[in-house]
Amino acid sequence: MLEAAVAERRVVVTEDVSTFGLAATLVPDHLGIVYCHHARFPRTRPGLERLRKALVVLAADPPPGFGEHPVIWWLGDASG
């Protein structure tokens, strides 16, 4: 899946640290991986809305090199 993201010039958003941690070493030219923890962003309507808001904040103020270089980022709440 990380290879597909590279081909499409996309960043991956996932909870799967073990799979994508390994994938990041095997596909070092990825454009970014955003990890989101299921306890912070549960797959409920309010949790998904919190995830959406946090991704909007990240897109508005990304870390340096994000989307250009292989940046790995843990997503925090939009509120802090």
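## A tour from His-30 outward

Select His-30 in this predicted model. Beyond its neighbours within four places in sequence, His-30 is in contact with Leu-2, Val-6, Ala-24, His-69, Pro-70, Val-71 and Ile-72. The residue sits in the loop between helix H2 (17–26) and S2. Is His-30 buried or exposed? Its relative accessible area is 3%, and since buried means under 20%, His-30 counts as buried. Now add Gly-32 to the selection: its backbone nitrogen lies 3.1 Å from a polar atom of the His-30 side chain.

**The whole chain**

Zoom out and colour by secondary structure. The protein chain has 3 helices and 3 strands, and from the N terminus the elements run α-β-α-β-α-β. The radius of gyration is 13 Å, close to the 12 Å that the globule rule gives for 80 residues, so the chain is as compact as a globular protein of that length. Along the principal axes, the C-alpha trace spans about 35 × 25 × 20 Å.

Switch to a surface display. The accessible surface comes to about 5200 Å², and carbon and sulfur atoms hold 59% of that. Of the 80 residues, 31% count as buried. Among contacts with a separation of 6 or more, 46% are between residues 24 or more positions apart. For charge, colour the 8 positive and 9 negative side chains; the centres of the two sets lie 10 Å apart.

**Strand S2: Tyr-35**

Go next to strand S2 (residues 33–35), where Tyr-35 is found. Tyr-35 has 4% relative accessibility and counts as buried. Which residues does Tyr-35 contact, leaving aside neighbours within four places in sequence? Show Thr-14, Asp-16, Val-17, Phe-20 and Gly-21, then Ile-72, Trp-73, Trp-74 and Leu-75. For a distance check, pick the C-alpha atoms of Tyr-35 and Arg-45: the two residues are 10 apart along the chain, and these atoms are separated by 19 Å.

**Strand S1: Thr-14**

From Tyr-35, step across to Thr-14, one of its contacts. Thr-14 belongs to strand S1 (residues 12–14) and is buried, with a relative accessible area of 11%. Not counting residues up to four places away in sequence, Thr-14 touches Phe-20, Ile-33, Val-34, Tyr-35 and Cys-36. Phe-20 is thus listed for Thr-14 and also for Tyr-35. Display Asp-16 as well: the side chain of Thr-14 reaches the backbone nitrogen of Asp-16 at 2.9 Å.

**The loop before S1: Arg-9**

Move back along the chain to Arg-9, in the loop between helix H1 (2–7) and S1. Arg-9 is exposed, with a relative accessible area of 62%. Check its backbone too: phi is positive, at about 55°, although Arg-9 is not a glycine.

**The loop after S2: Arg-43**

The last stop is Arg-43, in the loop between S2 and helix H3 (45–60). With a relative accessible area of 45%, Arg-43 is partly exposed. Where do polar atoms of its side chain lead? One polar contact, at 3.1 Å, is with the side chain of Glu-15. A polar atom of the Arg-43 side chain also lies 2.4 Å from the backbone oxygen of Phe-41. To complete the view, show the residues that Arg-43 touches, not counting those up to four places away in sequence: Glu-15, Cys-36, Leu-48 and Leu-51. Cys-36 appears here as it does among the residues that Thr-14 touches.

Conventions
Residues are numbered from 1 along each chain as its sequence is written. This is a predicted model: local features need pLDDT of at least 70, side-chain atom pairs count only at pLDDT 80 or more; totals for chains, interfaces and linings use all residues. Side-chain values use heavy atoms; hydrogens and water are left out. Helices (H or I, at least four residues) and strands (E, at least two) are DSSP runs, numbered from the N terminus. The radius of gyration is taken over C-alpha atoms; the globule rule is 2.2 Å times the number of residues to the power 0.38. Buried means under 20% relative accessible area, exposed over 50%, partly exposed in between (1.4 Å probe, protein chains only). Contact means heavy atoms within 4.5 Å. Accessible areas come from the Shrake-Rupley method with a 1.4 Å probe; for residues, only the protein chains shown count as cover. Lys and Arg count as positive and Asp and Glu as negative; His and the chain ends are not counted. The place of a charge is taken as NZ of Lys, CZ of Arg, CG of Asp or CD of Glu. A polar contact is a pair of N or O atoms within 3.5 Å; within protein, one must be able to donate a hydrogen and the other to accept it, and residues adjacent in sequence count only if both atoms are side-chain atoms.
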